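These are my notebook entries on a single structure. I set down what I looked up and what I found.

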Amino acid sequence: MVNLFKITIVAALLSVSAFAGDAAKGKAIYKKVNCALCHNADGMGKAKDGKLAIVKGPRIAGLDAAYIAEQVTAIKSKKRKTKYTTMMWTKIRGLSDKDIKDVAAYVSTMSKDKFKGMLQK
């Protein structure tokens with residue numbers, strides 16, 4: 001019974017670390033890709049009252065890292081494509097999966113105030 005408990009704990013830790021990105025590396029990528037152009041340096045977004053525009057992205061600070069990675073991956077693969085995601089696609093298309101996880105880890109730490117994204121359930 002103790003061994004089963006240990007195996008369960010190890011499996012849980014591995015599943016968490018399999019997603020975990022490096023926030024410090026993510027911060028550097030955020031700056032390099034210039035995410036601040038649309039989302040501001042603090043990740044609070046430039047869109048006012050939810051009105052998106054080409055360089056007026058939504059707030060991303062404080063979103064769940066898994067949700068961020070999911071959305072960025074969808075934009076990169078063009079599964080999520082709107083007139084507002086085209087510019088983002090040009091900026092992120094060269095990012096690796098690890099880069100995306102790192103940026104997601106960083107963005108999720110940008111605000112202690114957690115909230116749900118536009119498409120998050």
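Entry 1, cysteines. I looked up C35 first: its sulfur lies 8.8 Å from the closest cysteine sulfur, which belongs to C38, and this is too far for a bond. I checked the pair from the other side as well, and for C38 the closest cysteine sulfur is that of C35, again at 8.8 Å. A disulfide requires the two sulfur atoms to be within 2.5 Å. I then searched the whole structure and found zero disulfides. I also looked up the exposure of both residues. C35 is buried, with a relative accessible area of 17%, and C38 is buried too, at 12%. I note here that the model is a predicted one.

Entry 2, the chain overall. I counted six helices and zero strands. Read along the sequence, the pattern is therefore α-α-α-α-α-α, each helix being one DSSP run. The chain has 121 residues, of which 31% count as buried. Its exposed surface comes to about 7,900 Å², and carbon and sulfur atoms supply 63% of that area. I also looked up the contacts with a separation of 6 or more: residues 24 or more positions apart account for 63% of them.

Entry 3, the nonpolar core. In soluble globular proteins, nonpolar side chains tend to be buried together. I looked for such a group here, and the largest nonpolar core holds 21 residues. Y30, I68, L95, V107 and M110 touch the most other members. The elements that give two or more residues to this core are helix 2 (23–33), helix 4 (65–76) and helix 6 (97–108). Helix 4 gives the most, with six residues.

I followed one of these core residues further. Leaving aside residues up to four places away in sequence, M110 touches Y30, A41, D42, G43 and A61.

Entry 4, helix 4. I turned to this helix on account of its share in the core. Helix 4 has twelve residues and reaches 16 Å from its first C-alpha to its last, close to the 16 Å expected at 1.5 Å a residue. Which of its residues are buried? I listed A65, Y67, I68, A69, Q71, V72, A74 and I75.

I then examined the two ends. At the N-terminal end, D64 acts as the cap of helix 4, with a side-chain oxygen 3.2 Å from the backbone nitrogen of A66. Just after helix 4, I found that K78 takes a positive phi of about 70°.

Terms used:
Residues are numbered from 1 along each chain as its sequence is written. This is a predicted model: local features need pLDDT of at least 70, side-chain atom pairs count only at pLDDT 80 or more; totals for chains, interfaces and linings use all residues. Side-chain values use heavy atoms; hydrogens and water are left out. Buried means under 20% relative accessible area, exposed over 50%, partly exposed in between (1.4 Å probe, protein chains only). Contact means heavy atoms within 4.5 Å. Accessible areas come from the Shrake-Rupley method with a 1.4 Å probe; for residues, only the protein chains shown count as cover. A nonpolar core is a set of buried Ala, Val, Leu, Ile, Met, Phe, Trp, Tyr and Cys residues joined through side-chain atoms within 4.5 Å. The expected span of a helix is 1.5 Å times one less than its number of residues. A polar contact is a pair of N or O atoms within 3.5 Å; within protein, one must be able to donate a hydrogen and the other to accept it, and residues adjacent in sequence count only if both atoms are side-chain atoms.
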